[in-house]
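Some notes on this entry follow, set out point by point. They cover the sheet, one helix and the surroundings of the ligand.

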Amino acid sequence: MDFYDLVRNRESVRDYDPDRPVDGVILNRILNAGRLAPSASNRQPWTFLLVSSKDKLEKVRACYNKPWFQQAPHILIIIGDKTKSWIRSYDGYNSIETDLTIAMDHIILAAEYENIGTCWIEAYDPKILSDAISLKENEVIFSITPLGYQNKGYKKLCNKQRKPLEEIVKII
Ligand SMILES: Cc1cc2nc3c(=O)[nH]c(=O)nc-3n(C[C@H](O)[C@H](O)[C@H](O)COP(=O)(O)O)c2cc1C
């Protein structure tokens, strides 16, 4: 698929077929796109936690109470280790959130390429999520996404609402 078509076609999917898990080979390709993402000083301060088992899914699903989220056969959580990420010497800025966000975006675009639906989710309950996966003190999460195919008859919205380029680009 043409890269610009891919970017245009990707949209947040809020419909998942619970009975159609994604093949391991495809999941590996998608996760490998995240592995190849850039990170500050190439620290790669991340772990990609793919939740696919019934008991773990049950625990993690409790963090975000939307019916469609409960249906996803996989939930991906990108965990960062803030002791491993790069820190700017001038002001102590820690690149962890940027690093994890880039990895997630690589994964989400790769999933689109594989016709697998995703949706960035930030509105989860962080306490429920961190308890569900026993997050350690040095670890952080900024976003999660379901991964999965859509139910039969699902149609994309194809209705990107975006500001025009003229409004957001400044050339000086
Ligand atoms: C940082 C971030 C957090 C988001 N959190 C949620 C969320 O908690 N729940 C949800 O349904 N969508 C969430 N979204 C999806 C946005 O609503 C969506 O990306 C935006 O409306 C644009 O639509 P599109 O992704 O279909 O192009 C989030 C997106 C981003 C980038």
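1. The model is predicted, and the points below should be read with that in mind.

2. Strand β2, residues 74–81, pairs with strand β1, residues 46–51, in the antiparallel sense over six bridges. Within this pairing, Phe 48 has Ile 78 of β2 as its bridge partner.

3. β2 also pairs with strand β3, residues 139–147, again antiparallel, this time over seven bridges. Here Ile 79 stands opposite Ile 141 of β3.

4. Helix α5 runs from residue 96 to residue 113, 18 residues in total. From its first C-alpha to its last α5 reaches 26 Å, close to the 26 Å expected at 1.5 Å a residue. Just after the helix, Asn 115 takes a positive phi of about 65°.

5. Which residues of α5 are buried? They are Ile 96, Asp 99, Leu 100, Ala 103, Met 104, Ile 107, Ile 108, Ala 110, Ala 111 and Glu 112. An α-helix has 3.6 residues a turn, so residues three or four places apart point the same way. The buried list includes two acidic side chains, Asp 99 and Glu 112.

6. The cover over the buried residues of α5 includes strands β1, β2 and β3, along with helices α1 (3–9) and α2 (24–35).

7. Around the ligand are Glu 11, Ser 12, the run Cys 119, Trp 120, Ile 121, Glu 122 and Ala 123, and also Ser 143 and Lys 160. By class, this shell holds four nonpolar, two polar and three charged residues. Ser 143 of the shell falls within the residue range of β3.

How values were computed:
Residues numbered from 1 in each chain as written. Predicted model: local features only at pLDDT ≥ 70, side-chain atom pairs only at ≥ 80, totals over all residues. Near = placed C-beta within 6 Å. Nonpolar A, V, L, I, M, F, W, Y, C, P; charged D, E, K, R; others polar. Pairing = 2+ DSSP bridges. Helix = DSSP H or I, 4+ residues; strand = E, 2+ residues; numbered from the N terminus. Expected span 1.5 Å × (residues − 1). Buried ≥ 20, exposed ≤ 12 C-beta atoms within 10 Å, placed from the backbone. Contact = placed C-beta atoms within 7 Å.
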